[in-house]
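Student: I should like to learn how to read the features of a protein model in a systematic way. May we work through one together?

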Amino acid sequence: MALDKKQPVTSDEALAQEVLKKYDRESDTMQYTGIMAKIISAIAISFSVFQLYTAFFGVLDAQLQRAVHLGFALALSYLLYPTCKSWSRSRLHPLDALLAVLGAASPAYIVIMYRELAMRAGLITTPDLVVGVIGVLLVIEATRRVVGIPMVVVVTAFIVYAFAGPHMPGVLSHRGLTPEQLVGHLYFTTEGIFGIPLGVSSTFIFLFILFGAYLESTGLGKFFIDIANAIAGWASGGPAKVAVLSSALMGTVSGSSVANVAGTGSFTIPMMKKLGYRKEFAGAVEAASSTGGQLMPPVMGAAAFLMAEFVGVPYIEIVEAAVIPAILYFAGLWLGVHLEAKRTNLKGVPREQLPKAWVIFKERGHLAIPLIVIVYLLVTGYTPMRAALVAIVLSIAVSALKKSTRMKPIEIIRGLEAGARNVLGVAIACAAAGIIIGVVTKTGVGLKLASGLLALSGGYLLPTMFFTMITSLILGMGVPTTANYVITSTIAAPALLQMGVPVLAAHMFVFYFGIIADVTPPVALAAYAASGISGGKPLITGVNASKLAIAAFIIPYIFVLSPEILMINATAFSLIFAAVTAILGMVGVSSSMIGYLVDHSSPVERVLQFVGGILMIMPGVWTDIPGFIIFALVVLWQSRRKKKHRTA
């Protein structure tokens, strides 16, 4: 039976919502009723209206646009996220009310004093210093509530470093900053809190998140799950393949690994368990798939917009560069679940129990039109803002084509509220990331950290990549997609850039490892969330998810060593050849992780499969040929052995 967006919430969906609140801080908000709920709605809707107005009629001056954006975000964050988890979730505490007012007022100071601040050109007065200190502290506290402690620790460490420069050892030593210098740089320029990350959040990202909110309102997520069921649900390990396919599709809409797990896992994990998958493996499939959704164009957890600004290329180039790596990742994941199904002889769901693809397309295929249109607009040269605006209007219009999907006026208004709520995590993370970037630009610590990594690696590329990988994994643990990209690109990427790695390849490298931290133990937030739904052990789920997501640990090395994968200086032939050999290599690596290729693999065969796979993944004919020979020999040996067993 096809799933309908108006069906009542099931027990599995309710469990997923509980898990989401537990592992995704952005979802654990106050539950107001009465007049307070109306006030929150009014503020959130005003936020969305402001963003739509400036997108349509032209954005304000950079600092003004970002200040208004941050004012709304801080006010809503303090109203929706309580100081303590133990406080009432239905009544506003006076302290939170005061902080919400200050959160709106401190950026408003910049708006009101804009001309005078511009005339003073960096000269900070005592009132400026007081407002700036309050603003910085408010951003840090909002980060604690909305984003989490790991981000606060990193931000605080950078602030301490800014003041303690003369006392730092060796290469990290610097002159040290006064409070006036630091606050003036962080709060009254566009190089700190109001820097590029918040600028992107206040323009492109908000509109794409609002677009995602409307797509969710139309029921597109369940449409994806139904289509994935119709396409793959009947095959060997069908429900696991449904998880892979639906999460890849959902990745174009959702901006969170944990949200992906809750959204698709409430359907796919119970299906996998019903067909005989172990709890830990079922959770691992969903965790790895949902995390991979952040690597799938066009949205990529909203980090694609920041990457375009940091790298200095059009947004569509980031999308194009991410396509083949994302395909390789999901190919590896698909192969992993397929081989596990073959190894354990798990069947799919009987076809008669599955929805028919043509019926789903007939009933709800029109819901995918806005996604197709937005990709077309981006490819044909529209700016992301203009493309998102068109797509938002189109998503509302398209939903009206069928009575079953039509949004009522109140649902359109609620979409504005949902968009504003959904952007809070990104906006606050971007503001906090601005503090990190501000300290880096003021002290030059980015290059100093890069020099330290290079010294540690002896100036060789592969060790530098390895240490950069470890740094990115650590920095990405427990931090949302957008924030972890900003942190890793600021701290870890410079080391690769100093080694002559292309800018885009270096940024994609740290982005991948920052994302894959969501399934890397011991933190592995996505795996923990999936285990909450599956009932499996979190650590084992995380280990299984890491094995399934092995492609994400290999692919970044490929596009540093062979940038053609990112379509950098690539010819059609080199691109196709690199992609085909890499996919064959993924077969070898995935089969090695699972322990099955044509037949059950012995320990020696698993080693050979892994070596052959890695050689084919590595760029170059001289590695592809021996890799293919090793792989082919294992296939031949297992085929003969399996044939013998059948005839015996």
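Tutor: The discussion below moves from the overall fold to burial, salt bridges and the surface. Please keep in mind that this is a predicted model.

Student: Let us begin with the fold. How many helices and strands are there in the protein?

Tutor: The secondary structure comprises 30 helices and 0 strands. The radius of gyration is 25 Å, close to the 26 Å that the globule rule gives for 648 residues, so the protein is as compact as a globular protein of that length. Along its principal axes the C-alpha trace spans about 90 × 65 × 50 Å.

Student: What percentage of the residues count as buried, and what part of the contacts join residues at least 24 apart?

Tutor: Of the 648 residues, 58% count as buried. Among contacts between residues at least 6 apart in sequence, 79% join residues at least 24 apart. As for the surface, the protein exposes about 25,700 Å², and carbon and sulfur atoms supply 69% of that area.

Student: How should I read burial along a single helix?

Tutor: Residues are called buried when their relative accessible area is under 20%. In helix H22, residues 481–491, 11 of 11 residues are buried. Helix H25, residues 525–534, is mostly covered, with 7 of its 10 residues buried. The buried residues of H25 include Ala526, Ala530 and Ile533. Just after H25, Gly535 takes a positive phi of about 85°.

Student: Which residue other than glycine has a positive phi?

Tutor: One such residue is Met567, with phi near 65°. Met567 lies in the loop between helix H27 (550–561) and H28. At 38% relative accessibility, Met567 counts as partly exposed.

Student: Could we return to H22 and look at one residue there? Is Thr490 buried or exposed?

Tutor: Thr490 has a relative accessible area of 12% and is therefore buried. A polar atom of its side chain lies 2.6 Å from the backbone oxygen of Val486. Leaving aside neighbours within four places in sequence, Thr490 is in contact with Ile436, Ile437, Val440 and Gly446.

Student: What does Asn229 touch, not counting residues up to four places away in sequence?

Tutor: Asn229, in helix H10, touches Trp234, Val242, Met271, Leu354 and Pro355 when those residues are not counted. At 6% relative accessibility, Asn229 counts as buried. A comparable reading applies to Phe204 in helix H9 (residues 196–218). Phe204 is buried, with a relative accessible area of 17%, and its contacts beyond four places in sequence are Phe305, Glu309, Pro384 and Met385.

Student: What is the general idea behind a salt bridge, and how many does a search of the whole structure find?

Tutor: Side chains of opposite charge can pair when their charged atoms come close. A search of the whole structure finds 11 salt bridges. In one of these, the side chains of Arg278 and Glu340 meet at 3.5 Å, N to O. This pair links distant parts of the chain: Arg278 is in the loop between helices H12 and H13, Glu340 is in helix H15, and they are 62 residues apart. Arg278 is partly exposed at 40% relative accessibility, whereas Glu340 is buried at 4%.

Student: Where do Arg421 and Glu417 lie with respect to each other?

Tutor: Arg421 and Glu417 are 4 residues apart in helix H19 (residues 409–443), so they are separated by about one helical turn. The closest N and O atoms of their salt bridge are 3.3 Å apart. Arg421 counts as partly exposed at 28% relative accessibility, and Glu417 is buried at 14%.

Student: Which residues are linked in a network of salt bridges?

Tutor: Such a network links Asp96, Glu141, Arg144 and Arg145.

Student: Finally, which residues form a nonpolar patch on the surface?

Tutor: Phe573, Phe577, Val621, Ile625, Ile629, Leu633 and Leu636 form the patch, with about 690 Å² of accessible area together. The elements giving two or more residues to this patch are helix H28 (572–594) and helix H30 (621–647). H30 supplies the largest share, 5 residues. One residue of H30 is Ile629, which is partly exposed with a relative accessible area of 46%.

Conventions. Residues numbered from 1 in each chain as written. Predicted model: local features only at pLDDT ≥ 70, side-chain atom pairs only at ≥ 80, totals over all residues. Heavy atoms only, no water. Patch = residues over 30% accessible without salt bridge, like charges linked within 9 Å, V, L, I, M, F, W, Y side chains within 5 Å. Areas by Shrake-Rupley, 256 points an atom, 1.4 Å probe, with all protein chains shown as cover. Salt bridge = Lys/Arg side-chain N within 4 Å of Asp/Glu carboxyl O. Buried < 20%, exposed > 50% of the residue type's maximum accessible area, 1.4 Å probe, protein only. Polar contact = N/O pair within 3.5 Å; in protein donor to acceptor, adjacent residues only side chain to side chain. Contact = heavy atoms within 4.5 Å. Rg over C-alpha atoms; globule rule 2.2 N^0.38 Å.
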